[in-house]
Amino acid sequence: MTIGIHRPTQLVIDQAAIYHNIAAEKARLKPGVELFQVVKANGYGHGITQVARTAEKAGATGFCVAILDEALTLREAGFMQPILVLGITEPQYADVMAAHHISATVGSIDWLKTATNALSADHQLAVHLALDTGMGRIGFQHPAELRAAVQYLDDQAQFNFEGIFTHFAKADAADTAYFEQQIDRWKAFMAVLPKRPKYVHVSNSATSLWHAACNGNMIRYGVAAYGLNPSGTELTAPFTLQPAMSLTTKMVYVKQLPKGYSVSYGATYTAQQDEWVATLPIGYADGYERRLQGFHVLVNGEFCEIIGRICMDQLMIRLPQKYPVGTTVTLVGEDHGQVISLQDIADYCGTIHYEIACGFTQRLKRTYIN
Ligand SMILES: *Cc1c(COP(=O)(O)O)cnc(C)c1O
């Protein structure tokens, strides 16, 4: 994928913010509880290796990713820490995982049996057993299945039973009834476990922020590291989350649009009077969603409306006055005391900030500060 380095549009990633968001959570953890930083989906769009580097400085002792390739990216970059792949990897890749000391998530005994055949004799694969306590996504569904899998692992020297975990569907909600139901199911699973593996973990960001008493001995800390509140606006975090991502560009074309003239595909916007209009070099191919037509950006601390349809690579804004080509425009972040957050963008699009952050494409240059 080509990165736009000859274009004044960039995601600016504040590494000090990421450091703060991890160190502040780490300081709240009971002694002996490890923090694994979740860096899936290119570190939620922030850059996988750069985030991992900052996380390690801030006290993360391991990483979680979604797919094997992300784990291999970290190994190629030289990270030696434990890495857990949170999704199901096809068992044919068990040997690749073992060779790189990457831990696999396992949700069925069938997976283990297939992987046994794929593993070469001198390799051992570390596995974390996933328990489905109510997420309904992956994981063993009954304690009896768990018991059988643990027995199987016990009999096979090719596996290291390294961890056990579950994932909550509603840890970010004020109403805790469903969360507690999952805790009850978790306890029923744990009751059949003859002995605990090295890592027992249940917490994503929301669980650790708001239900820290449940944390096992490791947390899978994700979105909060990037300064985003996992609940959106429903719950308040126990410390200030500092957003790490900004998005800025510069005006590449400025003109006066005469009254009655229209803008962009479909001519959906028509000037009601003579208006100053700037064109910005960013579009939906960068992950700046087409649905953001009518939303705003910041110019010199003033909100300016996005007019007409957002194109693949460009969009137009209405200016309160003439500005020179090259004037900085903030699409995400702070400008002269005014702020546009990823939450604001998500609200406008009817989604969550997670989707906006990881939706920014590779074409956007990432610049790292602090
Ligand atoms: C993505 C993910 C996390 C991290 O979740 P956040 O809400 O970003 O903290 C933790 N555990 C699992 C299983 C995940 O898939």
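**Exercise 1.** In this predicted model, determine which polar contacts the ligand makes with the side chains of serine 205, arginine 137 and arginine 220.

*Solution.* Start with serine 205, where an N or O atom of the side chain lies 2.6 Å from an oxygen atom of the ligand. Continue with arginine 137, whose side chain places an N or O atom 3.2 Å from an oxygen atom of the ligand. Then turn to arginine 220, for which the ligand partner is a nitrogen atom, at 2.8 Å from an N or O atom of the side chain. As a last step, consider the cover: of the 390 Å² of accessible area that the ligand has on its own, the protein covers 92%.

**Exercise 2.** Describe the surroundings of the ligand by residue class, and state which pocket the ligand takes up.

*Solution.* First list the residues around the ligand, which include Val38, Lys40, Tyr44, Leu86, His167, Asn204 and Tyr354. Next sort the shell by class, which gives five nonpolar, four polar and three charged residues. Finally, the space that the ligand takes is the largest pocket.

**Exercise 3.** Locate the residues that UniProt lists under "active site" relative to the largest pocket, and describe how the protein is divided into domains.

*Solution.* The unreviewed UniProt entry lists Lys40 and Tyr265 for this feature. These residues are spread over 226 residues of sequence and, in space, over up to 35.4 Å between C-alpha atoms. Of these residues, Lys40 is included in the lining of the largest pocket. For the division, domain 1 spans 15-226 and domain 2 spans 245-340, and their centres, taken over C-alpha atoms, are separated by 42 Å.

Key:
Residues numbered from 1 in each chain as written. Predicted model: local features only at pLDDT ≥ 70, side-chain atom pairs only at ≥ 80, totals over all residues. Heavy atoms only, no water. Near = heavy atom within 4 Å. Polar contact = N/O pair within 3.5 Å; in protein donor to acceptor, adjacent residues only side chain to side chain. Areas by Shrake-Rupley, 256 points an atom, 1.4 Å probe, with all protein chains shown as cover. 1 Å grid on protein atoms, 1.4 Å probe; cavity = no way out; pocket = protein on both sides within 12 Å on 5 of 7 lines; lining within 4 Å. Sits in = over half its atoms within 2 Å of the grid points. Nonpolar A, V, L, I, M, F, W, Y, C, P; charged D, E, K, R; others polar. Domains from an automatic or database assignment. UniProt positions renumbered as here; feature names shortened; annotations may be inferred.
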